[in-house]
Amino acid sequence: MMLDSAARLDVDPLLDDPDTRIIVCCGAGGVGKTTTAAALGVRAAERGRKVVVLTIDPARRLAQSMGIDSLDNTPRKVTGIESRGDAEGAEGKGAGELHAMMLDMKRTFDEIVEAHADGERARAILENPFYQSLSAGFAGTQEYMAMEKLGQLRARDEWDLIVVDTPPSRSALDFLDAPGRLGSFLDGTFIKLLMAPAKVGGRAGMKFLNVGMSMMTGTLGKLLGGQFLRDVQTFVAAMDTMFGGFRTRADATYRLLQAPGTAFVVVAAPERDALREAAYFVERLAAEDMPLAGLVLNRVHGSGAARLSAERALAAAENLDEGRIVDQEAGETGSRDRTAASPDSPAGGHVPEETSEFTPAGAGSPAPAGTPAVKQTAQELTAGLLRLHAERMQVLAREQRTRDRFTALHPEVAVTEVPALAGDVHDLAGLRAIGDRLAAPSSPEVL
């Protein structure tokens, strides 16, 4: 059950507010960011907004759940969006639109080059081996390109709401750190040295280059190879006029993330490591003056028999195993001793083995319903179910302690809980159900 001391994250007012233009879902890997982002997109569209969901998840689950064969760097319209005009706060609104896309990191980089360089220079850059390596896998490139794409989408002003599923990075903070890391790379001594010939120009430039390269050839030439250094120098010369544009756009997108129309939603599972990562992100957002809407606590377990504690369930299971629970009226369960003491028992109270309560009636025949053997089986099943319930209650207690620690550390963070589901979400109906749970009062149900 949701902690009384924590404010509840109201999802629908956030989605309905026309001033909310960007929602960024962030958190550690594997906590359900992609599903949460998609569910928010579906719910917002069905409440009348024109939405695009940008995912960086390479597993393509988002495309499958939205009924699209594949996603790429171009927004694709999702069919099957229904009007939720009867929903509170959405009266009179028809169904909006939902588009979805998956970031193609290299294609986004190529688009930047094509947009900011003339044909000949763009071709030289795109064909450069160092550029091809940089655009395909340089550390932080994916996160930086995600921010580039976000800036492009916002500049088009085509959608009411952009929902961003941040990259599945080792750390959720990589998304915010990417522009700074790229800026450090572009401002580094190595890059500045390689840019110098282009800036000085002519014979003087070549002389400077020779001096600079001679300083590095001894070590870097052996480590990286002379051809690599020439590829980098050629790349830097071609990209020289674009470096300032990278920094300018990164700064503009960073300011966009700080703007009032942006809302960060931190997604976490009720586990120690995930909530520790969420706490770091909450603190970082506060330090960077970025607006936090709240925390989505995903995959929370619940029980319809929460009043039966783990301790009592285990004790009951042990009693069943040891035969100490007795049916007082019928005297069936655990009645061996009473049967033996009965004056009607044959041979002075001895129960023959073949007619014992633990022996099936009839040689090789299954015991009829109601016989002691069947009741023993029922006891074993009941004991097993009690142990399963005890395990579930122990999980609930552990999750509650973890939530308590987070809430004590960040009581100002609004929280909503989403119950754990029995299976994966694989269609629009499943995303719609997740959206309902996101907006519902937090009360984990039995699944």
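Let's start where helix α4 (residues 105-116) meets helix α7 (residues 141-156): in this predicted model, their axes come within 9 Å and cross at roughly 60°. An angle of that kind falls outside the parallel, antiparallel and perpendicular ranges, and α4 and α7 are therefore oblique to each other. The crossing of these two helices is left-handed. On the α4 side, the residues that take part are M105, T108, F109, E111 and I112, and they meet T141, Q142, M145, E148, K149 and Q152 of α7. Sorted by class, the contact of α4 with α7 holds four nonpolar, four polar and three charged residues.

Helix α4 has a second partner to look at. With helix α5 (residues 119-126), α4 packs at an angle of about 155°, and the two axes are 8 Å apart. Since angles over 145 degrees count as roughly antiparallel, α4 and α5 are therefore described as roughly antiparallel to each other. Here the crossing is right-handed, whereas that of α4 with α7 is left-handed. The contact brings D110, V113 and E114 of α4 against A122, I125 and L126 of α5. Its residues divide into four nonpolar, no polar and two charged. If you have both contacts on screen, compare the class counts: the one with α7 has four polar residues, and the one with α5 has no polar residues.

A third helix pair is worth a visit. Helix α2 (residues 33-46) and helix α17 (residues 428-439) have axes that come within 8 Å and cross at roughly 85°. That angle makes α2 roughly perpendicular to α17. From α2, the contact draws on T35, T36, A38, A39, L40, V42, R43 and E46, while α17 supplies L428, L431, R432, I434, G435, D436, L438 and A439. By class, this contact of α2 with α17 comprises nine nonpolar, three polar and four charged residues.

Now step back to the whole chain. The protein has 17 helices and eight strands. Of its 447 residues, 47% count as buried. How much of the contact pattern comes from residues 24 or more positions apart? Among contacts with a separation of 6 or more, such pairs account for 78%.

With that picture in mind, turn to the interior. The largest nonpolar core has 97 residues, and the members that touch the most others are M66, L98, L257, F264 and L295. Helix α11 gives the largest share of this core, ten residues. Another core, of nine residues, lies apart from it and includes A310, A313, A317 and A390.

L257 is a good place to see the large core at work on the screen. Setting aside residues up to four places away in sequence, L257 touches V24, M147, L150, F175, L176, T262, F264, M290 and P291. One of these partners, F264, is itself among the core members with the most contacts to other members.

Helix α11 (residues 226-258) also holds T253. Is T253 buried or exposed? T253 has a relative accessible area of 6%, and because buried means under 20%, T253 is buried. Beyond its neighbours within four places in sequence, T253 is in contact with M147, L150 and G151. M147 and L150 also appear among the residues that L257 touches.

Further along the same search, V236 is another residue of α11. V236 counts as buried, at 1% relative accessibility. The C-alpha atoms of V236 and F130 are separated by 9.5 Å, although these residues lie 106 residues apart along the chain.

Finally, two backbone details deserve a look. Most residues other than glycine have a negative phi. D157 has a phi near 55°, a positive value in a residue other than glycine. D157 is found in the loop between α7 and β5 (161-165). R299 is not a glycine either, and its phi is positive too, at about 60°. Unlike the loop position of D157, the place of R299 is in strand β7 (residues 292-300). R299 counts as partly exposed, at 40% relative accessibility.

Key:
Residues are numbered from 1 along each chain as its sequence is written. This is a predicted model: local features need pLDDT of at least 70, side-chain atom pairs count only at pLDDT 80 or more; totals for chains, interfaces and linings use all residues. Side-chain values use heavy atoms; hydrogens and water are left out. Axes are lines fitted to C-alpha atoms, for helices over the stretch in contact, and angles run from 0 to 180 degrees between N-to-C directions. Helices (H or I, at least four residues) and strands (E, at least two) are DSSP runs, numbered from the N terminus. Angles under 35 degrees count as roughly parallel, over 145 as roughly antiparallel, 65 to 115 as roughly perpendicular and the rest as oblique. A crossing is left-handed if the near helix is turned anticlockwise from the far one by less than a right angle, and right-handed if clockwise. Contact means heavy atoms within 4.5 Å. Ala, Val, Leu, Ile, Met, Phe, Trp, Tyr, Cys and Pro count as nonpolar, Asp, Glu, Lys and Arg as charged, and the others, Gly among them, as polar. Buried means under 20% relative accessible area, exposed over 50%, partly exposed in between (1.4 Å probe, protein chains only). A nonpolar core is a set of buried Ala, Val, Leu, Ile, Met, Phe, Trp, Tyr and Cys residues joined through side-chain atoms within 4.5 Å.
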